[in-house]
Amino acid sequence: MKLYNTLTKKIEEFIPNEEGKVKIYTCGPTVYHYAHIGNMRNYIGHDVLVRTLKYLGYDVTRAMNITDVGHLTSDSDSGEDKMEVAKKREGKTAYEIADFYTKAFFSDFDELNNLRPDIIEKATANIDMYIKMIQKLLDEDIAYISGGNVYFDISRVKNYYCLTNNSQEDKMVVGVREGVDFDNNKRNQADFALWFTTSKFENHEMLWDSPFGTGYPGWHIECSGISIKHLGEYLDIHGGGVDNIFPHHTNEIAQSEAYLGHKWCNYWFHNEHLLDDTGKMSKSNGEFLTVSLLKDKGYDPISFRFLCLNSHYRKQLLFSYEALNQAETTLKKLRNKIANIKDDGNFWEEVFKKYTESFKLALEQDLNTANAISILYDLLKDNEVNGHTKLELIKSFDQVLAVELIREKVEVEANEDILKLIEARNEARKKKDFELADSIRDDLYKKGIELIDTREGTTYKIVG
């Protein structure tokens, strides 16, 4: 299997530390708000990676954190803790906020047919590990205390910018995004916080005693601590979104390898952004789209997964309702075609092996899910393959795709007919014939098709 490795900037042959076994750590959500579908594209990418490795016969153990403390509103160490921001916004305790949004996250996570990680750890449940790591870094003069907080000194490690190929002179911390400020407590502005004391936030709710003062951990130490504590000193793959590359994953490598004294993780796996018409999808730009919201609008969440699988995980993907409509219609037609396959009970082993190898080959080329789906279409068009073998192959493929290919047949309105009616309605509106326009809209709605008027034009969604 070949994967793109952010560490080397190359597609490489994947070789685990231990033959046949893979240890994966993926960054989980900060549970101060709902996760939008841009976040969820990232988790779909992780899920495909895990499912592919299992499909190829590896014994996979995956760990993921739940960040419920320590993630500030900036890329460095300025701004408020996001949990404190949510606490003020909603008038609840930080623990109540974390519990509510953790449940909301996994509700959407499950709707997308993502496999839950084997190990799911709250940041607040591993304080002992962070303290142990920080104390060792202080003892070895790799970390220092300043202004009441503990900072990691990046000048004490070689090749700090290994993930980004930048130099310290590039000053990647100050000014990297809005809200990243100068910190007088730091020896170098690229240094990062390992532990905040009450000197940082006087009224912070989540506080723990430590040898370096009462306080709470920085964001970066959490992932290193959880990974090392639960997966050991040698990690095969670390996953996240491209926005995690710097500073989060850069800092994880620095502190983990300084603590361990050897290389920590061999492969770094990053998913690209999901875009909307405002640019990168975020909680502050455009409509706040969640899986639950799509479901409330009448969409099958698996249609969003299917949309993502038709694009490569390392390519930016533009989301629109038109694209989601097309994905949903295509998936329904695909399921209908499969539902019409007659199972004759005869299994052709050689044919099964042939298509399985083709499917595996697509996935082994840096998780090319679009090509893997094309193998599925090739299978469906192959009239030389009998029904039972086709169905067994489809079940096998869906272990990775997880788009519920075998479902009962459903009625699908012809896409072209809907578009013609939308065009007719738009013409009626231009002529100010609102009675006709409303009539077309109402007739479509009775057929289970709701029209959506946007700045880019009119699209639709299937609601029944």
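Before anything else I noted that helices (H or I, at least four residues) and strands (E, at least two) are DSSP runs, numbered from the N terminus. This is a predicted model, so I kept in mind that local features need pLDDT of at least 70 and side-chain atom pairs count only at pLDDT 80 or more, while totals for chains, interfaces and linings use all residues. Residues are numbered from 1 along each chain as its sequence is written, and side-chain values use heavy atoms, with hydrogens and water left out.

**A339.** I looked this one up in helix 9, residues 321-339. A339 is partly exposed, at a relative accessible area of 36%; the scale is buried under 20%, exposed over 50%, partly exposed in between (1.4 Å probe, protein chains only). I also checked L405: it sits 66 residues from A339 in sequence, but 8.8 Å away in space, C-alpha to C-alpha.

**Helix 6.** I found 15 of the 16 residues of helix 6 (245-260) buried, so the rest of the structure largely encloses it. G261 follows helix 6, and its phi is positive, near 85 degrees.

**Five-strand sheet.** I read the order of this open sheet as 5-4-3-10-11, with parallel pairing; two strands pair if DSSP finds at least two bridges between them. Strand 5 (119-122) and strand 11 (265-271) are at the edges with a single partner strand each, so one side of each has no neighbour in the sheet. The twist averages 20 degrees from one strand to the next. Angles run from 0 to 180 degrees between N-to-C directions, and axes are lines fitted to C-alpha atoms, for helices over the stretch in contact. Strand 3 (21-26) and strand 4 (59-66) run parallel, joined by 6 bridges, and I24 is opposite R62 in strand 4. I then saw helix 5 (219-231) packing on the sheet, where it touches strands 3, 4, 5 and 10 (235-241) and makes about 155 degrees with the direction of strand 3. Contact means heavy atoms within 4.5 Å.

**Three-strand sheet.** This one is open too, order 13-12-14, with mixed pairing. Strand 13 (279-280) and strand 14 (317-318) each have a single partner strand, so one side of each lacks a neighbour in the sheet. I counted 2 bridges between strand 12 (274-276) and strand 13, which run antiparallel; L275 stands opposite K280 in strand 13.

**Helices 11 and 12.** The axes of helix 11 (369-381) and helix 12 (387-401) come within 11 Å and cross at roughly 170 degrees. That makes the two helices roughly antiparallel (under 35 degrees is roughly parallel, over 145 roughly antiparallel, 65 to 115 roughly perpendicular, the rest oblique).
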